[in-house]
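User: I am new to this structure and would like a close look at one part of it, with each term explained as it comes up. Please begin there and then connect it to other places in the chain.

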Amino acid sequence: MKVRMLPAVVAALLVAAMLGGDRGVGGAAQLRLDVTPAAALADEPVRVRVGGLAAGERVVVSAEAEDHTGQSWHASATFVADATGTVDVSQDAPVEGSYSGVDPMGLFWSMEPLAGDASYFAPVWPHLRRDFPVWLSAAGGGREPASVTVRRDWTAGMVSFTELSPAADGVRGMLVLPPPDVPRRPGVLWFGGSEGGIGGRYDAPLLASRGHPVLCLGYFGAPDLPGSLHDIPLEYFASAAGLLARYSGGEVAVVGYSRGTEAALLLAQLHPDLVRAVVVYAPSSVVHAGYPYTGAAAWTHDSRPVPRGPIPVDRIDGPVLAITGADDQLWDAATYTAELMLALGDPSHRALVYPDAGHGVGTFPYLPSETVHQGRTGTQTHGGTRAGDAAARLDGWSRVRTFLATV
C-alpha cells in the first residue's frame, strides 16, 4: 500500500490524535469526511463535507495529487464548523488557506507543488491512464484525521484513442471517439498554439464522453512535423478536418488556442462548407509572423506565405465563440477579441471576456494552473490570477460545451 505524504499541519495533528487515543483529546468523536460523488469526470464538481466537530471548531481540509512526473501538489484551507459541528466546502468560505471565498472546488485548482515548476499541473495522458486520484484529508481538535480518495475520470464509457501519423493518416494527432452507445454530436478539431505538440489531449476525452468525436491535432513540435511554427500549410488543417468529418457525419467545429486561433479562423474562412463553428481561446484578430519571431511566415496557402495583417472573416459561415481574459499579458487578446467581433459583425458571434483572467483563461475547470509559464522561449507572464482563471474556466467550459453541442 502506498503511503501518502500529508501536509505538515495534518501530520502534526495526526501525531496529536495518536497521543490522544481513538476518540481524540478528551474523548471527542472522530472526524467524518464525506465526498460525493467519490468518482466523477475531471470537469465535474464534488461536494466535500466534514462532520464530528464541535460548534465553532476549526478544521484543516487538505488535497493532494500527483502530476505525470510523480511530483506531489498540495492545497489546504482552514474552516470553522457551524452550530451543528459541520463544514460544507460547497457553502463555507475558509478563514485562511490556499484560496478564499466560497468555492466548492477551491482545494482542487489551488494545489501547488512542494518544489519545481508550478506553471501547469499535467496528469498522466488520458490514453495511458483514464483517471487520476486526489487524496483529501481533514484534521482538527487533536482528533484522528479522516481521509478519502476521490477518483477524477477522463472518460465515461468506452472512449477510444487512436494515434494518427503523417505516414498513415496524413496528419499527426490523436483521434478520440465517443462510446458506441452515446448519441453523436458534432466533431471537434482541436489544436493549441505556440507551445507546439498535440493539443487538447485532456479536453478530448471529456468531450468524447458526451458524444463528440475529437481530433487532437499537432502541427509542429511533434514527430514527423516541423520543429517550429514556420510555413505551416493551411491545407494540413483542412486535411485533418476532412478526416474528422468521416467520423462525425460531416459536422466539424474547430477549437484553437492562442496562435492556433489564427489557423482556426483562416480554416473557417477558406473552408466555410467544412467548418460549422469556431471556438477561439485567447484569440488573435491578425496573422502574426512565425514563432519564434524570425521574420518568416507562420502559415502558407497554395504554397505561398499568408501575409501578416487582419485575418479575413467575411466567408466564415458559422458562429464564432471567443473566450478571453481581460488581463492577458502574453498578448492583447481583449483588443484582438473586440476587433474580431467588429469584423464578424453579426449577433450570432459571441465574446466572453473575463476581467480577472489572463492567457490561461481556458479550458476545462478544476485543475491547478499558474499565471507564469515556462514556455518554449523562456518564462512567459500570462496575467490574471489563479482564482480569476479558475472562475473563467468554470463558466467558459460550460458555455463551450453548450455551444459545441448545439451548433
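Analyst: Two strands pair if DSSP finds at least two bridges between them, and strands (E, at least two residues) and helices (H or I, at least four) are DSSP runs numbered from the N terminus. The model is predicted, so local features need pLDDT of at least 70 and side-chain atom pairs 80 or more, while totals for chains, interfaces and linings use all residues. Residues are numbered from 1 along each chain as its sequence is written, and side-chain values use heavy atoms, with hydrogens and water left out.

The part to look at closely is strand 14, which covers residues 214-218. On one side of the pairing, strand 12 (residues 172-177) runs antiparallel to strand 14, and five bridges connect them; within this pairing, Val176 stands opposite Val214 of strand 14. Strand 13 (residues 187-191) also pairs with strand 14, here in the parallel sense and over three bridges, and the residue standing opposite Val214 in this case is Val188. Between strand 13 and strand 14 the chain passes through helix 4 (residues 203-208), making a β-α-β crossover that is right-handed (clockwise from first strand over helix to second, with the strands pointing away from the viewer).

Strand 14 is also mostly covered, since five of its five residues are buried (under 20% relative accessible area with a 1.4 Å probe, protein chains only; exposed is over 50%, partly exposed in between). Val214, Cys216 and Gly218 point one way from the strand, whereas Leu215 and Leu217 point the other way, and all of these residues are buried.

A β-α-β unit is found elsewhere in the chain as well: strand 22, helix 7 (residues 333-344) and strand 23 make one that is right-handed. Here strand 22 (residues 320-325) pairs with strand 23 (residues 350-354) in the parallel sense, over five bridges, and Leu321 stands opposite Arg350 of strand 23. After strand 23, in the loop that leads to strand 24 (372-375), lies Tyr366, a residue that has a positive phi of about 85° although it is not a glycine. Tyr366 is buried, with a relative accessible area of 12%.

Ala282, in the loop between strand 17 (275-281) and strand 18, likewise has a positive phi, of about 45°, without being a glycine, and Ala282 is buried with a relative accessible area of 0%. The loop between strand 18 (286-287) and strand 19 (299-301) holds Pro292, and the peptide bond joining Tyr291 to Pro292 is cis, with omega about -5°. Another cis peptide bond runs from Thr36 to Pro37, with omega near -10°, and Pro37 is placed in the loop between strand 1 (32-36) and strand 2 (39-41).

Aromatic side chains add a further link between parts of the chain. Rings of Phe, Tyr and Trp (its six-membered ring) pair if their centres lie within 6.5 Å, stacked under 30 degrees, edge-to-face over 60 and tilted otherwise. By this rule there are 19 aromatic pairs. In one of them, Phe132 and Trp154 are tilted, at 5.6 Å centre to centre and 35° between the planes. This pair links distant parts of the chain, 22 residues apart, with Phe132 in strand 9 (residues 131-139) and Trp154 in the loop between strand 10 (146-153) and strand 11 (160-164). Both Phe132 and Trp154 are buried, and they belong to one aromatic cluster together with Trp73, Phe121, Trp125, Tyr202, Phe364 and Trp397.
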